[in-house]
Amino acid sequence: MIINNILTSWYSVNKRDLPWRRTTNPYFIWLSEIILQQTKIEQGLPYYEAFVTKYPSVFDLANASESEVLKLWQGLGYYSRARNLHASAKYIVAELDGVFPNNYKDLLKLKGVGDYTASAIASFCFDEVCAVVDGNVYRVLSRYFGIDTPINTSQGNKEFKALAQKLISPKNPGEFNQAIMEFGARQCKPSNPDCTVCPLQDGCMALQKNSISDLPVKLKSLKPKTKHFNFIVFIFNEGETIIEKREGKGIWQNLYQFPLIETETSTSFDTMHSLLEKHELIPSSNYDLTLYNEEAIVHKLSHQHLHTKFWIVAIDSLASKGVSVDIIKDYPVPVLLSNFIEEFNF
DNA sequence: AAGTCGGGGGC
DNA sequence: GCCCCAGACTT
């Protein structure tokens, strides 16, 4: 039996009942695929339910504000996904009359939709013969065919895409794509897969060569950089504080935060005092400074380790308008801050 | 081609 | 501590 048939028959028995598998509405499929990028199903599922409930159509999503969308996305990470999702919804409503693109080529034009997502939507919703290549597919194919080309190179990308495209059947492209991904997620797992019950064990090159744990090959990623974040938590006017929108390029774009002072090294009380002396928001030196956490909180991201201190500044007046601490929960903030806000309890 | 973008969980 | 996750975008 060819690999396609083995995978699809395995899938018919082992597939999970997931909400986006009960529909071929491209709007819902698109939502699920964006949410699931670099995200495990268990983590993405509640977000999918929340988005479908709050935005049952692309018009509802387009009519929302970006902050509102980011708020619903809060905690999921990779926030450019939410910004692009919202921008694409507005594009579909404004330019396409709310009609979802119905082919790979047009789907690719949507912000945040790359080769994988366009292939997924095109095959699931419109039966287009486009093979998906996600982390699962890389793993299954590299092992079964014994391919050691690093997957995070353009070489590997091209090679595995071509191979998957060769294996997919025009008969059932969507089902094959779902099958190979589900198979990678549940049978051909990253670590300690149970190859004794694997329906592909006969032809699997990696099993034959005892190289399951060596595949797929991936080039090493860089070491995360350490940064030192000092958040200034102002308290004034009986229950007000200051929050700002993060502008610019880096992490957490368009999310909100307390005024941030980034330093080269861990910051002492003395250093913080002198930094606050020349702070634009502070008109006088009449304030009370306390450090919320003696030990820096280390928030670990893929490329940065954020050593974070929360400095509490009680002050009489400020050179800026504040917000009531009661409504900061309505703003989208990074997990690092929502954890603090919950714990601090103002 | 390499770097950037989150957060959670497995081992 | 390191790796992975229904990847895409920027430089």
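A polar contact is a pair of N or O atoms within 3.5 Å. That cut-off helps in reading this predicted model, in which a protein sits beside DNA strands B and C.

**DNA strand B**

W252 gives a first example. One of its backbone N or O atoms lies 2.7 Å from a phosphate oxygen of DNA strand B. This distance is within 3.5 Å, so the pair counts as a polar contact. Y79 and V335 also place a backbone N or O atom beside a phosphate oxygen of this strand, at 3.0 Å for Y79 and 3.2 Å for V335.

Which residues come nearest to DNA strand B? They are S154, I251, W252, H299 and S302, out of 24 residues around the strand. W252 is thus both among the nearest residues and a backbone partner of a phosphate.

The surface near DNA strand B holds nine nonpolar, 13 polar and two charged residues. Now take the DNA atoms within 4 Å of the protein. For strand B, 58% of them belong to sugar or phosphate, and the rest belong to bases.

**DNA strand C**

DNA strand C is surrounded by 28 residues. The closest are G112, G114, T117, R139 and K220. By class, the surface near this strand has eight nonpolar, nine polar and eleven charged residues. Of the strand C atoms within 4 Å of the protein, 63% are in sugar or phosphate, with the rest in bases.

Which helices each supply at least two residues of this surface? They are α2 (26-36), α8 (115-126), α9 (135-144) and α11 (173-186).

Three side chains reach different parts of DNA strand C. Each row below gives one contact.

| Residue | Part of DNA strand C | Distance |
|---|---|---|
| K220, polar side-chain atom | phosphate oxygen | 2.9 Å |
| D134, polar side-chain atom | sugar or linking oxygen | 3.0 Å |
| E33, side-chain N or O atom | base nitrogen | 3.5 Å |

K220 is also one of the closest residues to the strand. The E33 contact goes to a base nitrogen, whereas the K220 contact goes to a phosphate oxygen.

**A pair of strands in the protein**

The protein has strands of its own. Strand β7 covers residues 297-300, and strand β8 covers residues 304-315. How do β7 and β8 run, parallel or antiparallel? They run antiparallel, and four bridges join them. In one bridge, I297 has T308 of β8 as its partner. A hairpin of three residues connects β7 to β8. Two residues in this part of the chain, H299 and S302, are among those that come nearest to DNA strand B.

Terms used:
Residues numbered from 1 in each chain as written. Chains lettered and ligands numbered in written order. Predicted model: local features only at pLDDT ≥ 70, side-chain atom pairs only at ≥ 80, totals over all residues. Heavy atoms only, no water. Near = heavy atom within 4 Å. Polar contact = N/O pair within 3.5 Å; in protein donor to acceptor, adjacent residues only side chain to side chain. Nonpolar A, V, L, I, M, F, W, Y, C, P; charged D, E, K, R; others polar. Pairing = 2+ DSSP bridges.
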